[in-house]
Every structure is written in C-alpha cells, then in structure tokens.
Amino acid sequence: MTQDKRKLLIIEDDAGLQKQLRWSLDAYDVVIAGDRESALAQIRRHEPAVVTMDLGLPPDPDGASEGLATLEQILAMAPETKVIVLTGNQDQSNAVKAIGGGAYDFHQKPVDLEMLRLVIERAFYLHALQQENRRLMQSQVASPMAGIITRDPGMLKVCRNVEKVAPSSATVMLLGDSGTGKELLARALHDLSPRRGKRFMAINCAAIPENLLESELFGYERGAFTGAVKQTMGKIELAHEGTFFLDEVGDLPMPLQAKLLRFLQERVIERIGGHKEIPVDVRIVCATHQNLKELTLSGRFREDLYYRLSEIVVMIPPLADRVGDAALLAHHFKNKFSAKEGRSGLHFNQQALAMIEGHSWPGNVREMENCIKRAVIMADGSQISADDLGLSDGPANEEPINLRQVRDEAGYKAMVKALARVDGNIAKAAELLGISRPTMYDLMNRHGIKEVKGLAGD
C-alpha cells in the first residue's frame with residue numbers, strides 16, 4: 001500500500017523514461033512531474049524526501065537553465081530535500097553547477113537503474129538521519145540547558161555540575177573568559193532551582209557608571225539626592241525570592257564591595273537615603289572573566305567578599321579547549337542565521353570548516369556567533385567559504401607525549417571532530433573517518449558518546 005512507501009518525485013519530460021522509472025522504482029510511492037510548474041506543485045503537495053530530476057526540462061530541453069532554476073526553487077521551498085540530478089555524458093559542467101547549487105548527487109544518462117536505486121536509497125537514509133537529528137535537537141528545547149551546545153567532556157561536566165548545584169541555595173561564582181556563556185549558565189541555575197517561578201534579575205557591574213551602580217543595586221528613597229523624586233527599589237530588592245545575577249563582579253568598586261558583603265552576611269539592605277533595614281531573600285550568582293584571587297592579593301577585591309561569593313565555583317572552559325565544539329556551534333549558528341536571513345540551503349565548504357576548527361576564538365562563542373552571522377550574509381551561492389569567515393589560521397595543536405594515551409585521545413578527538421564537521425550525521429562521520437558504521441558505533445560506545453544530542457554554549 002502506497003501509504004507505507006516513501007515518497008519519491010521524478011521530474012522528467014520524456015514519457016517513455018517516466019514509465020520506465022516508475023516501473024523500476026516501484027519500491028517507492030512515485031509521483032511524476034514533467035516541467036517546473038508541476039514539479040513545484042508536487043513538492044508543495046507531497047513534500048517528498050528525495051527527488052530525481054532531468055536538467056533538460058521544457059522550455060529548454062536541450063540545455064540546463066530550466067533544470068537549474070527548478071533546483072533552486074525546490075531547495076528554497078524545501079531545503080532538506082535530496083535532489084538527484086540526471087545528466088547526459090557530455091553534460092559534466094552542468095552537473096557540477098547543480099551540485100554547487102545544492103543538489104545532493106548526480107547520475108549520468110543512460111540510466112543504470114541498479115546504481116540509481118542505490119543512490120536514491122542512500123539519499124532517503126541520509127534524509128531520515130537528519131530528521132532524527134532535528135527531532136533530538138528539538139527535544140532539548142524544554143530543558144533549561146537547551147541554550148548550551150556542546151559535546152566536549154569538560155563542558156558537559158560543567159552542565160552536570162550546574163544541574164547538581166541549582167536546587168541548593170548556595171552562592172555560585174561562574175569563572176570564564178568573555179563570551180563563554182556565563183549568563184546562559186546563570187539563567188540555567190535559576191530555571192533549575194526552586195526559585196524558577198520568581199524573578200531572575202541581572203546587572204553588569206562593568207556597564208554602569210560607579211556613581212549610579214549603588215542606586216541600581218540597592219535603590220533609593222525620595223529626596224535622597226537631586227533627581228530622586230520617588231522611592232525606587234534596587235535590583236537586589238526586585239529579585240526578592242528569585243535569583244540575582246551579578247555579572248563582571250570583579251569591576252565592583254571597593255565601597256560597594258563592603259555594602260554587598262554586609263547584605264550577604266545579614267540578608268538585609270538599606271536604600272540610599274533610608275534608615276530602614278529591608279530583609280531580602282535572594283539567591284546570588286556572580287560571574288567574572290578576571291582572576292579574583294589575584295585581585296584580592298593586589299588589594300582590589302575584598303578577600304572576605306571573595307569567600308562569601310565563591311561557595312561554589314564553576315570554571316567554564318574557553319571554546320578553543322572544547323573538543324569538536326567549534327564546528328558544532330558553527331553549524332548551529334549557520335542554521336539559525338540562514339533561517340533568519342532567508343538563505344536556506346547554505347553549507348560550509350571544507351576549507352571553511354578547517355579554518356573554523358583551527359581558529360583560536362579569543363572571543364569564544366560570542367565571536368563565533370558574530371562571525372557566522374557575517375558569513376551567512378556575505379556568502380555567494382550556496383557555500384560559505386573560508387574568505388566569507390574573515391578569520392586567520394589558528395595555532396597548531398600541541399605534540400603528543402604518551403603513545404597509548406595519545407592514540408586513544410587522538411581517536412576520540414577525530415571522532416568528535418568528524419561528528420561536528422558533518423553536523424552529527426553518523427553515516428557521514430564514519431565515511432569521513434574511513435570506517436564502517438558498526439565500528440563507528442563501537443567507538444562511540446567505548447568513549448561514552450551518545451547519538452547526536454546537541455547541547456550548548458553562547
């Protein structure tokens with residue numbers, strides 16, 4: 001029964017070949033189109049996973065202009081569709097154009113039906129894998145950790161630690177370079193805590209002038225200073241029963257450090273110009289890219305405040321230390337911005353992926369996001385090239401030391417890198433590594449790698 005068969009669209013204007021292909025490919029639910037208009041109508045109606053298409057369509061049956069235009073419209077309408085182009089023996093250049101335009105594969109005429117069946121079956125298999133990958137990614141959306149995209153063991157450990165700490169009332173300090181995702185993790189701490197139904201308030205100590213920061217934190221009474229025309233609550237008070245995130249706490253001026261320390265000790269605040277102690281129940285989470293230990297030694301940060309804020313310390317690794325995450329995040333941001341810019345079907349060429357993996361990413365995930373957004377806008381055609389990224393080569397990796405240890409580590413890194421490069425497609429990763437899929441699954445099990453559940457960082 002056709003409802004149990006996978007849908008295959010054949011775009012072919014030759015009635016005899018239409019009949020032959022329908023008969024030979026009866027394992028699929030075949031639908032036929034003879035020109036661009038009917039092909040696009042079938043795409044809208046049936047949403048086939050796989051399409052075979054003759055490039056020579058009317059009104060240009062002896063050329064390829066109509067076929068290439070049809071390919072472009074199909075992929076704009078249904079970017080995940082696998083289009084297999086059928087070309088003549090002397091039409092290699094147009095086949096290459098079609099692949100550059102986003103076609104999945106090409107097959108030469110006269111048609112070798114056995115070989116075409118294999119190409120079609122592989123296309124269906126790849127489409128199914130990508131759909132499963134998407135479902136797995138979407139299943140993460142409801143999770144508070146959904147914003148964190150990673151497969152790196154160190155970053156996954158950070159996520160697990162956040163999940164462990166979140167239900168407690170402990171004050172948490174998030175340490176990491178700029179752009180590693182500190183605010184994402186702070187929000188996850190709130191969303192996974194019993195306070196999730198209350199407010200999450202955030203303030204960046206480096207972004208607010210010192211003379212305004214105290215009133216932002218603690219509020220003020222009417223008449224406390226010129227312009228204070230009404231009583232105003234500060235961010236700490238507004239976060240009552242919720243979570244207060246103090247970003248870039250290393251930039252907190254020394255007088256405010258003393259006032260914050262008193263709040264942490266007594267859990268009461270006084271508004272500027274006020275004399276009443278106001279109890280506030282709030283969970284404090286703070287973050288900084290600075291070395292607070294060194295700041296305490298130099299006298300620029302109170303040691304007693306440091307110990308109050310660092311009941312639990314979470315170290316966030318930089319992107320350069322997260323194995324495979326550069327390519328993984330690049331695919332994530334490419335998909336995100338391609339959808340926003342209406343540029344479906346974009347993909348990275350191999351030189352671009354190699355440059356992404358080799359770059360040191362001093363600005364971490366924030367730099368990555370800006371870079372990929374620019375590349376999506378600037379790219380010509382369906383490929384993002386190395387030039388579109390605007391990056392320089394990254395530093396070489398360190399040389400290995402212990403042979404057995406390095407062999408295992410190299411195998412693990414190669415596997416994670418391959419999975420990231422092909423956006424989680426296990427069949428393609430195995431092909432890239434030159435191993436069979438069963439071997440790939442064995443290696444994944446040995447190293448504790450689960451099937452393509454993207455998780456990570458902003």
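Trainee: What is the relative accessible area of Arg 271, and is this residue buried or exposed?
Mentor: The model is predicted: local features need pLDDT of at least 70, side-chain atom pairs count only at pLDDT 80 or more, and totals for chains, interfaces and linings use all residues. Residues are numbered from 1 along each chain as its sequence is written, and side-chain values use heavy atoms, without hydrogens and water. Buried means under 20% relative accessible area, exposed over 50%, and partly exposed in between (1.4 Å probe, protein chains only). Arg 271 is therefore buried, its relative accessible area being 10%.

Trainee: Which residue forms a salt bridge with Arg 271?
Mentor: Side chains of opposite charge can pair when their charged atoms come close. A salt bridge here is a side-chain nitrogen of Lys or Arg within 4 Å of a carboxyl oxygen of Asp or Glu. For Arg 271, the closest N and O atoms are 3.0 Å apart, and the partner is Glu 221.

Trainee: How many residues apart are Asp 54 and Lys 109, which parts of the chain hold them?
Mentor: Asp 54 and Lys 109 form a salt bridge, with 2.9 Å between the closest N and O atoms. Asp 54 lies in strand 3 (residues 50-54), and Lys 109 in the loop between strand 5 (105-108) and helix 5 (113-138). Helices (H or I, at least four residues) and strands (E, at least two) are DSSP runs, numbered from the N terminus. The pair links distant parts of the chain, the separation in residues being 55.

Trainee: Which residue is linked with Asp 54 and Lys 109 in a network of salt bridges?
Mentor: Asp 54 is buried, with a relative accessible area of 9%. Asp 54 and Lys 109 share their network of salt bridges with Glu 12.

Trainee: Why are Arg 117 and Glu 114 separated by about one helical turn?
Mentor: Their side chains meet in a salt bridge, 2.9 Å from N to O. Arg 117 is partly exposed, with a relative accessible area of 28%. The separation is about one helical turn because, in helix 5, the two residues are apart by three residues.

Trainee: Which are the edge strands of the open sheet?
Mentor: Two strands pair if DSSP finds at least two bridges between them. Five strands form the open sheet in the order 7-10-13-6-14, with parallel pairing. The edge strands each pair on one side only; these are strand 7 (200-204) and strand 14 (312-315).

Trainee: Which residue of strand 13 stands opposite Leu 174?
Mentor: Strand 6 (residues 172-175) and strand 13 (residues 283-288) pair in the parallel sense over four bridges. The residue of strand 13 opposite Leu 174 is Ala 287.
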